[in-house]
Amino acid sequence: MTAAPISTAIDNLTAALKAKIIPNQEYFLQGSVLDNAVEVLLHRLRGLCDNVDTGPETFNDHEMCFSIRKAPPPEPPLFLRVRRALDYQDMPWQLRYIGQPELGDKSQPTVVRSSIDVATSSTVVDFLTELGCRLDFEYMIKGYMFRKGRMKVTVSKIFKMNQTGKLPESMDALSQSYLVELSVLAPSGQNAIAEDIRVFAEQLKPLVQLEKISYIRQH
C-alpha cells in the first residue's frame, strides 16, 4: 500500500532535481567543542560571521528520525527527519530527507550528501506513520546558528528523550560537549563551495577541528 505513493514522490523529486531547480546537495564538516570552551568559540564566530550586530540566532528544537524501506535488504532504507521549534509553536514543522554521506576522495574538502527540506504542518508525523515509516530515535537540540554568506554554522547541545514522544521536564545532555556543524545547501554540481567551507573552517582552529566524519560502521 505504501510503495506507490513513495515511488510517485521519488519520481517527481527526481525530475525536479534533474532540472536543478531546488538545492539538493549539502556540503558539510563536523566537529565538537567542550562545554568549558564553547564561549570562546561563540566569541570567535561573532567576529567572523555576518550577524555581528544582532548576534546569533538561537534554536530549541525537537527532532524525530524516521526510516522506511523501499525494498528488502540489502537495499538501504529511506531516512526522513522531522523537526519542530519548541519556542515558536506557530512555526511550520520541517521534513527533511538526507541521503548517505559521500566522503569522496581525500582531496575533497567536505562530506557531501543529498538533502531536501520541506515545510509541513504538524500532522506530518501522522502522515509518515500512515505511510509505514518507523520512528528510530528522537532527541532535543538547543544552540546557536550563525551565517557567513551562504554558509551556516550551528553550535548545538543534544539532549536525550527519556520517554518516546514526551518532552522531558528536565533535560539530560548526551555529552559534555557541543556539536559544531559548518554546511552549505546548494544545487548539485557546485563543488567549489567545498573549498569555501574548508577555508572558513581553518579560521576556527585551534578552537574546533572540523573534519570529514564517516558514519559507516566498520566490521
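At 5% relative accessibility, C65 counts as buried, where buried stands for under 20% relative accessible area, exposed for over 50% and partly exposed for what lies in between, taken with a 1.4 Å probe and protein chains only. C49, at 4% relative accessibility, is likewise counted as buried. With a disulfide defined as a pair of cysteine sulfur atoms within 2.5 Å, the count comes to 0 disulfides.

The model is a predicted one, in which local features need pLDDT of at least 70 and side-chain atom pairs count only at pLDDT 80 or more, while totals for chains, interfaces and linings use all residues. Residues are numbered from 1 along each chain as its sequence is written, and side-chain values use heavy atoms, with hydrogens and water left out.

The protein holds 4 helices and 9 strands, these being DSSP runs numbered from the N terminus, with helices of type H or I and at least four residues, and strands of type E and at least two. Followed along the sequence, the elements come in the pattern α-β-α-β-β-β-β-α-β-β-β-β-α. The protein has 219 residues, of which 38% count as buried. Its exposed surface is about 13200 Å², and carbon and sulfur atoms supply 53% of that area, as obtained by the Shrake-Rupley method with a 1.4 Å probe, where for residues only the protein chains shown count as cover. If a contact is taken to mean heavy atoms within 4.5 Å, then among the contacts in the protein with a separation of 6 or more, 67% are between residues 24 or more positions apart.

A useful place to enter the fold is strand 3, which covers residues 78-85. In a regular strand the side chains alternate between the two faces of the sheet. Strand 3 shows such an alternation, with L78, L80, V82 and R84 pointing to one face and buried, whereas F79, R81, R83 and A85 point to the other face and are not buried. Two strands are said to pair if DSSP finds at least two bridges between them, and strand 2 (residues 57-68) is joined to strand 3 by 8 bridges in an antiparallel arrangement. Within this pairing, E63 has R83 of strand 3 as its bridge partner. Strand 3 also pairs with strand 4 (residues 93-98), again in the antiparallel sense, over 4 bridges, and here R81 has R96 of strand 4 as its bridge partner.

The loops on either side of strand 3 deserve a look as well. In the loop between strand 2 and strand 3 lies P74, which is joined to P73 by a cis peptide bond with omega of about 15°. The loop between strand 3 and strand 4 contains D90, which is exposed because its relative accessible area is 70%. D90 and S121 are 31 residues apart in sequence, and their C-alpha atoms are 9.9 Å apart in space.

Turning to strand 9 (residues 177-186), 7 of its 10 residues are buried, so the strand is largely enclosed by the rest of the structure. Strand 1 (residues 25-34) is joined to strand 9 by 10 bridges and runs antiparallel to it, with L182 of strand 9 as the bridge partner of L29. Strand 7 (residues 151-160) pairs with strand 9 in the antiparallel sense over 5 bridges, and there V155 has V180 of strand 9 as its bridge partner.

Strand 6 (residues 134-148) includes R134, which is exposed because its relative accessible area is 55%. Leaving aside residues up to four places away in sequence, R134 touches C65, F66 and S67. For R134 and S67, 67 residues apart in sequence, the C-alpha to C-alpha distance is 5.4 Å.

Rings of Phe, Tyr and Trp (its six-membered ring) pair if their centres lie within 6.5 Å, with planes under 30 degrees apart counted as stacked, over 60 as edge-to-face and the rest as tilted. By this rule there is 1 aromatic pair. The rings of F137 and Y139 have centres 6.3 Å apart and planes at 15°, and therefore the pair is stacked. F137 is partly exposed at 43% relative accessibility, whereas Y139 is buried at 13%. Elsewhere, the charged end of R113 sits over the ring of F28, 4.3 Å from its centre, where the criterion asks for NZ of Lys or CZ of Arg within 6 Å of the ring centre and within 35 degrees of the ring normal.

Finally, the segment after helix 4 (192-202) contains P206, and a cis peptide bond with omega of about 0° joins K205 and P206.
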